[in-house]
Amino acid sequence: METLLRLRAHRPGTLVKHAAYLHARTAGRIGSLSHLIREAALIALTEGTERITKHLLSEVELDAAAEAQARLRHPRRA
């Protein structure tokens, strides 16, 4: 998925580095992961940063099922 990003300033390996976070955040759902990465890339483009960071990923709102599962696993995020 990361190799398909066409962001000028994105550092390869960033998404792999945050694999545990991404899995927990999306509850292991590929559709939720795809949405998260796509939305983060769009924000990075519109803001002009052209890179995805963990902070940026944390700002993206996901589907209700993924968000509910993440709250169950990590109650402090709620």
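Eight nonpolar, three polar and two charged residues make up the lining of the largest pocket. Keep in mind that this is a predicted model. Here's a quick tour of that pocket, then of helix 2 and of one residue in helix 3.

**The largest pocket**
- The space inside the largest pocket comes to about 170 Å³.
- Its lining counts 13 residues, and those closest to the pocket centre are Met 1, Leu 15, Ala 19, Leu 22 and Leu 33.
- Three helices chip in with at least two lining residues each: helix 1 (14-17), helix 2 (19-26) and helix 3 (30-47).
- Helix 2 gives the largest share of that lining, with four residues.

**Helix 2 and what follows**
- Quite a bit of helix 2 is tucked away: Tyr 21, Leu 22, Ala 24, Arg 25 and Thr 26 are buried.
- Leu 22 turns up twice here, as a buried residue of helix 2 and as one of the residues closest to the centre of the largest pocket.
- Right after helix 2 comes Ala 27, and its phi is positive, near 60°.

**Glu 39**
- You'll find Glu 39 in helix 3, one of the helices that help line the largest pocket.
- Is Glu 39 buried, partly exposed or exposed? Its relative accessible area is 27%, and because buried means under 20% and exposed over 50%, Glu 39 counts as partly exposed.
- Glu 39 and Thr 14 sit 25 residues apart along the chain, and their C-alpha atoms are separated by 16 Å.

Conventions:
Residues numbered from 1 in each chain as written. Predicted model: local features only at pLDDT ≥ 70, side-chain atom pairs only at ≥ 80, totals over all residues. Heavy atoms only, no water. 1 Å grid on protein atoms, 1.4 Å probe; cavity = no way out; pocket = protein on both sides within 12 Å on 5 of 7 lines; lining within 4 Å. Points joined across faces, edges and corners; volume = space filled by probe spheres on them. Nonpolar A, V, L, I, M, F, W, Y, C, P; charged D, E, K, R; others polar. Buried < 20%, exposed > 50% of the residue type's maximum accessible area, 1.4 Å probe, protein only.
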